[in-house]
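Please take a moment with the sequence and the 3D structure below before reading on. The paragraphs that follow walk through the structure step by step, beginning with a pocket and ending with some individual residues.

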Amino acid sequence: MSKVFLAGATGYIGGHTLQLITNKHPEWDITALVRTEFQAKILKKQIPSILAVPGSLEDLDLVARLAAEADVVLQNASVRYLSTMI
């Protein structure tokens with residue numbers, strides 16, 4: 001089973017990406033990084049099989065851990081601070 005880490009799952013592009021992935025590959029294990037606990041609860045309600053993790057791209061330890069656990073990493077989150085990505 002493929003493991004996917006998706007950042008930005010509640011945004012416009014990330015939301016469509018998530019919908020496409022879950023429709024085509026319901027067997028995939030998907031972890032989604034979202035900004036708030038509220039977004040995590042909404043996403044979990046819509047897609048019960050997903051692991052929605054509240055956090056930020058600025059939490060480099062969290063992002064590194066989630067990315068290392070995945071076979072595929074999809075970065076669709078809005079990057080507010082360029083220093084995070086450098």
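**A walk through the model**

Two helices, helix 1 and helix 2, the latter spanning 37–46, each contribute at least two residues to the lining of the second largest pocket. The structure shown here is a predicted model, so local features are described with a pLDDT of at least 70. The volume of this second largest pocket is about 170 Å³, and its lining includes Ala 9, Thr 10, Gly 15, Leu 18, Gln 19 and Thr 22 as well as Gln 39, Ile 42, Leu 43, Gln 46 and Ile 47. Sorted by class, the lining of the second largest pocket holds five nonpolar and six polar residues, with no charged residues.

One of the lining residues, Thr 22, offers a useful way into the surroundings of the pocket. Thr 22 belongs to helix 1, which covers residues 12–24, and Thr 22 counts as buried because its relative accessibility is 18%, where the limit for buried is under 20%. The side chain of Thr 22 comes to 3.2 Å from the backbone oxygen of Gln 19, and Gln 19 is itself among the residues that line the second largest pocket. When residues up to four places away in sequence are left aside, Thr 22 touches Ile 30 and Ile 47.

Those two isoleucines lead on to the nonpolar interior. The largest nonpolar core has 13 residues, and the members that touch the most other members are Ala 9, Leu 18, Ile 30, Ala 32, Leu 43, Ile 47 and Ile 50. Strand 1 (3–7), helix 1, strand 2 (29–34) and helix 2 are the elements that give two or more residues to this core, and strand 2 provides the largest share, three residues. Within this group, Ile 50 is in contact with Leu 18, Ile 30, Ala 32, Leu 43 and Lys 44, again without counting residues up to four places away in sequence. There is also a second, separate core of ten residues, and among its members are Leu 33, Val 63, Leu 66 and Ala 70.

Which residues does Thr 31 touch, not counting residues up to four places away in sequence? Thr 31 lies in strand 2, and its contacts of this kind are Val 4, Phe 5, Leu 6, Leu 51, Val 53 and Leu 66. Thr 31 is classed as buried because its relative accessible area is 14%, a value that falls under the 20% limit.

Turning to the start of the chain, Met 1 sits in the segment before strand 1 and is exposed, with a relative accessible area of 73%. Although Met 1 and Asp 71 are 70 residues apart in sequence, their C-alpha atoms are 9.5 Å apart in space. Asp 71 also appears among the residues that Met 1 touches, together with Glu 27, Trp 28 and Asp 29, when residues up to four places away in sequence are not counted.

The last stop is helix 3 and the loop that leads to it. Leu 57 is found in the loop between strand 3 (51–54) and helix 3, whereas Leu 60 has its place in helix 3, which covers residues 60–68. Is each of these leucines buried or exposed? Leu 57 is buried, with a relative accessible area of 14%, while Leu 60 is exposed, because its relative accessible area of 51% is over the 50% that marks an exposed residue. In terms of distance, the C-alpha atoms of Leu 57 and Glu 69, twelve residues apart in sequence, are 16 Å apart in space, and those of Leu 60 and Glu 27, which are 33 residues apart along the chain, are separated by 28 Å.

Conventions. Residues are numbered from 1 along each chain as its sequence is written. This is a predicted model: local features need pLDDT of at least 70, side-chain atom pairs count only at pLDDT 80 or more; totals for chains, interfaces and linings use all residues. Side-chain values use heavy atoms; hydrogens and water are left out. Helices (H or I, at least four residues) and strands (E, at least two) are DSSP runs, numbered from the N terminus. Buried means under 20% relative accessible area, exposed over 50%, partly exposed in between (1.4 Å probe, protein chains only). A polar contact is a pair of N or O atoms within 3.5 Å; within protein, one must be able to donate a hydrogen and the other to accept it, and residues adjacent in sequence count only if both atoms are side-chain atoms. Contact means heavy atoms within 4.5 Å. On a 1 Å grid over the protein atoms alone, a cavity is a set of points where a 1.4 Å probe fits but cannot get out, and a pocket is an open set with protein on both sides within 12 Å along at least five of seven lines; lining residues have an atom within 4 Å of a point. Grid points are joined across faces, edges and corners, and a volume is the space filled by probe spheres set on the points. Ala, Val, Leu, Ile, Met, Phe, Trp, Tyr, Cys and Pro count as nonpolar, Asp, Glu, Lys and Arg as charged, and the others, Gly among them, as polar. A nonpolar core is a set of buried Ala, Val, Leu, Ile, Met, Phe, Trp, Tyr and Cys residues joined through side-chain atoms within 4.5 Å.
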